Amino acid sequence: MHSGLHGRGALFDTDPPGLVARLVGLCPFQHGPTPLEYAKEPPFVVFTGGPGLGKSAVLGELRAAYEGHTPLALIDCEDGLFARPPARRPGEAWSPVSQAVLTIAEQLAEPVAGAGRIAFPRLTAGLLAVAAGGWRDRDLPRIRQEAERILLLNDTGSRVAGFTGRWVGRVSTRLVDALSGTGLVVEPIIEATLEVFSEGVTPTHRRLRKAATWYRDCPSAGGNPKLGLILLSGHFRAGGDSRTHAERYLVRALLADLDDAYTGAVQRTHRPGRPVVLVDNVQATAGVGLIGSVLRDRADGIADRVAFFAGLRGDGHPSLHNAARRALPEVARATGWEPGGTVSSHALLVPLPPSAAASPQAVETGR
């Protein structure tokens, strides 16, 4: 083990491989390939326990083990970033889950050893549709800033100097130009987005065209991607169960884009192992929405390639009441986990016992 998290060998051992190596497919810190325990769907692992048991420390160790070697993201759902909308952004066009999806994608996009940046064109289209629901006040600097941040999710590190910056600036200008008249601007923004996505012959434009057509399969879209995006935006603004449904589509878009980065023999060769998403304080709103979306899609047979690990304060959560539970020593060599017929059975709870290296600071902060 790298940093002396004593008592956590069941997670971080490499010979024989512990839980982390078997779910990610790479040995922590060593980065040599190791067989996957689950070739198709791994469990969504949730570390549980009260204050001071080192849940955050384990997630931090996971980040240190794989950062720069496989796509990786770490969010803390109790961070103020997920508590309220940014300044001047209307609440009907923002939620903790949409912010979490954007933040995770930005981190996963970073290049890793042997492979370049990952693009998220499906997520770009969905987030633009959602953001447009809050573009009524014609606050052009804010609108341009929001649009450009989302559009940068398509940056693949082009070798043409300045290409991405010029393209993002040009597209954001087109979107701002679509803000004519008063009232809701979702439809003209979506029209402008689809027009821009359809132009050009570069790999970026081909990805964008493919991404746009993905939304034709939204329920009630009737094969029309424009209608699919309009419905997505409307459901998000409606709040309640409709928003939950829209958030689920944003999470699905994120994972579908990530799947593209691993499709094909060349991509798999350059991207060994699985991408890793770490979610601390998953009991907070952003975490509940995120884990609910992932588990429901997995239960519906919609696969993804991600190794999810989360930290949960306490021993359980109502949305995880059918999850399997294993003591830490029980997962050292195999989990014995199989999903059942319920959504929450696709998760695996692993209570953390006290670590010999638990620090007084960790105990005081409850992490």
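**Sheet, helix, salt bridges and cavities in a predicted model**

Within the sheet of this predicted model, Thr48 has Pro351 of β6 as its bridge partner. This contact belongs to the pairing of strand β1 (residues 44-49) with β6, which runs in the parallel sense over 5 bridges. On a wider view, 6 strands form an open sheet with parallel pairing, in the order β2-β3-β4-β1-β6-β5. The edges are taken by β2 and β5, each of which has a single partner strand, so one side of each lacks a neighbour in the sheet. Strands of a sheet pair through backbone hydrogen bonds, and the pairing may be parallel or antiparallel.

Both edges can be followed a little further. At one of them, β5 is joined to β6 in the parallel sense over 2 bridges, and here Ala324 has Leu348 of β6 as its bridge partner. Strand β6 has 4 of its 5 residues buried, so the rest of the structure largely encloses it. At the other edge, β2 runs parallel to strand β3 (residues 276-280), and 5 bridges join the two. Asp76 stands opposite Asp280 in β3. Although β2 is an edge strand with a single partner, 4 of its 5 residues are buried, so β2 too is largely enclosed by the rest of the structure.

Among the helices, α5 (residues 121-132) offers a simple check of geometry. With 12 residues at 1.5 Å a residue, helix α5 should span 16 Å, and this agrees with its end C-alpha atoms, which are 16 Å apart. Helix α5 is also mostly covered, as 12 of its 12 residues are buried. The buried residues of α5 include Arg122 and Thr124, along with Leu123, Leu127, Leu128 and Val130.

Turning to charged side chains, the structure holds 21 salt bridges. One of them joins Asp13 to Arg333, with the closest N and O atoms 3.9 Å apart. These two residues lie in distant parts of the chain, 320 residues apart: Asp13 is in the loop between α1 (9-12) and α2 (19-24), and Arg333 is in the loop between β5 (324-325) and β6 (347-351). Asp13 has a relative accessible area of 28%, which makes it partly exposed. Arg333 also counts as partly exposed, at 45% relative accessibility.

A second salt bridge is formed where the side chains of Glu146 and Arg89 meet, at 3.9 Å from N to O. Glu146 is in helix α6 (residues 140-151), while Arg89 is in the loop between β2 (72-76) and α4 (96-108), so the pair ties together parts 57 residues apart in sequence. Both Glu146 and Arg89 are buried.

A third salt bridge brings the side chains of Asp297 and Arg252 together at 2.8 Å, N to O. Here the link is between two helices, with Asp297 in α13 (residues 285-299) and Arg252 in α11 (residues 240-260), 45 residues apart. Asp297 counts as buried because its relative accessibility is 6%, and Arg252 counts as buried at 15%, the cut-off for buried being under 20%. Shared partners also connect salt bridges with one another: Arg88, Arg89, Asp139, Arg142 and Glu146 are joined in this way into one network. The pair of Glu146 and Arg89 described above is thus found among the members of that network.

Empty space inside the model was examined next. Such space shows up when a probe the size of a water molecule is rolled over the atoms. The structure holds 4 cavities of 30 Å³ or more, and the largest cavity has a volume of about 60 Å³. Its lining is made of Cys218, Pro219, Gly228, Leu231, Leu232, His235, His245, Ala246 and Tyr249. Two helices, α10 (225-238) and α11, each supply at least two residues of this lining. The largest share, 4 residues, comes from α10. By character, the lining residues of the largest cavity divide into 6 nonpolar and 3 polar, with no charged residue. Helix α11 therefore appears in two settings, as a contributor to the lining of the largest cavity and as the helix that holds Arg252, the buried partner of Asp297.

Note on methods
Residues are numbered from 1 along each chain as its sequence is written. This is a predicted model: local features need pLDDT of at least 70, side-chain atom pairs count only at pLDDT 80 or more; totals for chains, interfaces and linings use all residues. Side-chain values use heavy atoms; hydrogens and water are left out. A salt bridge is a side-chain nitrogen of Lys or Arg within 4 Å of a carboxyl oxygen of Asp or Glu. Buried means under 20% relative accessible area, exposed over 50%, partly exposed in between (1.4 Å probe, protein chains only). On a 1 Å grid over the protein atoms alone, a cavity is a set of points where a 1.4 Å probe fits but cannot get out, and a pocket is an open set with protein on both sides within 12 Å along at least five of seven lines; lining residues have an atom within 4 Å of a point. Grid points are joined across faces, edges and corners, and a volume is the space filled by probe spheres set on the points. Ala, Val, Leu, Ile, Met, Phe, Trp, Tyr, Cys and Pro count as nonpolar, Asp, Glu, Lys and Arg as charged, and the others, Gly among them, as polar. Two strands pair if DSSP finds at least two bridges between them. The expected span of a helix is 1.5 Å times one less than its number of residues.
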